[in-house]
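Subject: Structure handover

Hello,

Here is the structure for you to look through. My notes on it follow below.

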Amino acid sequence: MRPRSHPAAPRVAWAILVAAVAVAFGAALVFTPASSATDATPGGAAEEPVVLHTGWIEDGDSLNPFLGYTGVSYHIFFLNYDRLVRYDADTMEPVPGIAESWDVSDDGKTWTFHIREGVKWQDGEDLTARDVAFTYNLVLKNAPNAFSLYTTHIESVTAPDDHTVVMKCSEPRGTMLQMWTPILPEHIWGKLSVDDILNKYANEPPIIGSGPLQCVEWKKGSHFRLVANKDYWGGAPKVDETILHIYTNPDTLSADLELGVIDWTRDMPPSQFAKYEGRDGFAAVKVVRDRFDMLSINCYEGRSLGHPALLDPKFRTALAWAVDAEKIVDIAYMGFGDVATSLLPSSFWKGPLDYHWEPPADVKRTFDPEKARQILDEAGYKDTDGDGIREYKGKPITLRLWGDAEIPANSPTGKLMVGWFQDIGLKIKYTTQDYGRIIDGVFNYVDDELVPDYDLLLTYWGGDYDPGLHLSLFTSGQIDMWNETGWSDPEYDRLYQQQEATVDPQERLEIVRHMQEIWYENVPAVAFAYARGLEVYNTRDWDGWINMPAGNGGVLNYWTYLGLQPKTAAEASSGASTGIIVAVVAAVAVVVVIAVVLARRGSRRRRAVED
């Protein structure tokens, strides 16, 4: 039965319109982004703290600089602690830090650093040259550790007075000012045993350093909270607190940025990035990073639970020929990256000192499964029983491939590799693992002896502004530390020491490129992508974002933390007001249409429901 028209319908429609308009205005106000000028974060009432909210996919693993491994942990280290020098935001060249100046002897073997006066630890104690000497001697005398690569050729570190540090070297060091060692307070760390420092000490918040921010809280899987060091020698940050929110779902992270829950991320999902490009109130940058993504191969020649075929460079070379890096970049990274060939990125360094080495055409590996099969056949890895799986000493070759569950690109990359490797006659078991499980496998110990328990691992490495860190990752001295592949090559090690001692930039450049040739030929890993950082940040409410390096570098760096500040209430609210007006107009338009429809329906019979 169709209902009859109601004579009061027009009046009801207009009543609905008035109420709906009021609701629309209220809703627009309710859904103002959390970081707009009407909120205390940022730009709120004077008594409220100014808080920066950032979003990360990766969690921390330890706040002890000697134990921490993840990028988030290192981000906190270099905010909570100072280094000897800082680096210019535009050029990344060394500039004074807690060392306000330095001198080097004529033979290049003695460096004298002059420590500035008035530097305080975050507990109020004075920072002196003796803290610097304590830190460097801790690193120097207990190698290998996370910072050993920064002490190559250094023989002694002394503090003749409170403001002078003298470092004596066996050879000149061309990288002396590229030392990313965090300076630690002796009055805290000096009370600990070396075993505790290098293996056990958690360094739980609040951490005592001398940097611009202090980590005062860490809730695993949830967030870090850092507060501004108001007595910082380099000038107090303008933001009172910074919260590092940890996400497990990149789409949730993107939604929170849109809603104003967070103000920055470098982990924007590729599928979401385009909607922020050119959008008012946001900046979206495809950040060039000192990072390479790779297939890490267990090459450890000591006691190992990795498959023994992986020790054969010919077998590893076959794997490399079977990887289609272009397809990985196109599919897994959705085009936001460059195809990798070496462990040093192709677009990070510019000018005459571009350290990247590109394989010449006659040695460059491309995607060629037939070539991979030929190499395996010639090396003796054949399928003798016709089941489609090649054998090693009579047994089918089965390899474990792990991907990091926190890295979204790992899942499609792993699935692609499974298909490619199976196509050349290898059985692959692909699983995604949480980061802790990966660490347990790479650094597996049996009776206090390193026994790596993995075969293939999808991972990545980021470095610092000098190529030395990347190069060190594959030295013998970093086995059981940064060198998860366990690969060892005497010539590579020798050249690493040589490039550290080479002062002439062009001579060093040639050595660095030759090291990449050796690495490429021996295949301890297969570099497949130089992933761009998809960085999006709030420009509506914040002033002072600084790209480092200038142009397409990332903005969440030391200089941004010092200078970032909320815009004035008028500046910040202008963008939000526009959004509110648009929302209200849209809401009113929709409600008017509804009201008109209702009014028209009141003057005639309804149309059939199926219409």
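Helices (H or I, at least four residues) and strands (E, at least two) are DSSP runs, numbered from the N terminus. This is a predicted model, in which local features need pLDDT of at least 70, side-chain atom pairs count only at pLDDT 80 or more, and totals for chains, interfaces and linings use all residues. Residues are numbered from 1 along each chain as its sequence is written, and side-chain values use heavy atoms, with hydrogens and water left out.

**The loop between H5 and E8**

Start with the loop that runs between helix H5 (194-199) and strand E8 (213-219). Ser 210 is found there. Its relative accessibility is 0%, so Ser 210 counts as buried. (Buried means under 20% relative accessible area, exposed over 50%, and partly exposed in between, with a 1.4 Å probe and protein chains only.) The Ser 210 side chain makes a polar contact of 2.8 Å with the side chain of Asp 82. A polar contact is a pair of N or O atoms within 3.5 Å; within protein, one must be able to donate a hydrogen and the other to accept it, and residues adjacent in sequence count only if both atoms are side-chain atoms.

Asn 203 is in the loop between H5 and E8 too. Its phi is near 55°, a positive value in a residue other than glycine. Asn 203 is buried, at a relative accessible area of 4%. Pro 206 also lies in this loop. The peptide bond between Pro 205 and Pro 206 is cis, with omega about 0°.

**Two more backbone features**

Another cis peptide bond runs from Ala 143 to Pro 144, with omega near 0°. Pro 144 sits in the loop between helix H3 (129-140) and strand E6 (154-161).

Asp 448 is not a glycine, yet it has a positive phi of about 65°. Look for Asp 448 in the loop between strand E19 (445-446) and strand E20 (449-450). Asp 448 is exposed, with a relative accessible area of 79%.

**Helix H8**

Why call helix H8 (residues 313-321) largely enclosed by the rest of the structure? Of its 9 residues, 7 are buried, so the rest of the structure largely encloses it. The buried ones are Phe 315, Arg 316, Thr 317, Ala 318, Leu 319, Ala 320 and Trp 321.

Pro 313 lies in H8 as well. Pro 313 is partly exposed, at 35% relative accessible area. Its C-alpha is 5.8 Å from that of Asn 522, although the two are 209 residues apart in sequence.

Asp 312 lies in the loop between strand E13 (291-297) and H8. Asp 312 is buried, with a relative accessible area of 18%. At the start of H8, a side-chain oxygen of Asp 312 comes within 2.9 Å of the backbone nitrogen of Lys 314. Asp 312 and Val 523 are 211 residues apart in sequence, but 9.7 Å apart in space, C-alpha to C-alpha.

**Aromatic rings**

Rings of Phe, Tyr and Trp (its six-membered ring) pair if their centres lie within 6.5 Å; planes under 30 degrees apart count as stacked, over 60 as edge-to-face and the rest as tilted. By this rule there are 35 aromatic pairs. One pair is Trp 102 and Phe 113: the ring centres are 6.4 Å apart and the planes are at 50°, so the pair is tilted. Trp 102 lies in strand E4 (residues 99-104) and Phe 113 in strand E5 (residues 110-115), so the pair ties together parts that are 11 residues apart in sequence. Trp 102 is partly exposed, at 22% relative accessibility. Phe 113 is buried, with a relative accessible area of 1%.

Tyr 232 and Trp 233 also pair: their ring centres are 5.1 Å apart and their planes at 45°, so this pair is tilted. Both Tyr 232 and Trp 233 are buried.

**Charges over rings**

A charge sits over a ring if NZ of Lys or CZ of Arg is within 6 Å of the ring centre and within 35 degrees of the ring normal. Arg 83 has its charged end over the ring of Trp 180, 4.3 Å from the centre. Arg 291 lies over the face of Tyr 460, 3.7 Å from the ring centre.

Best wishes
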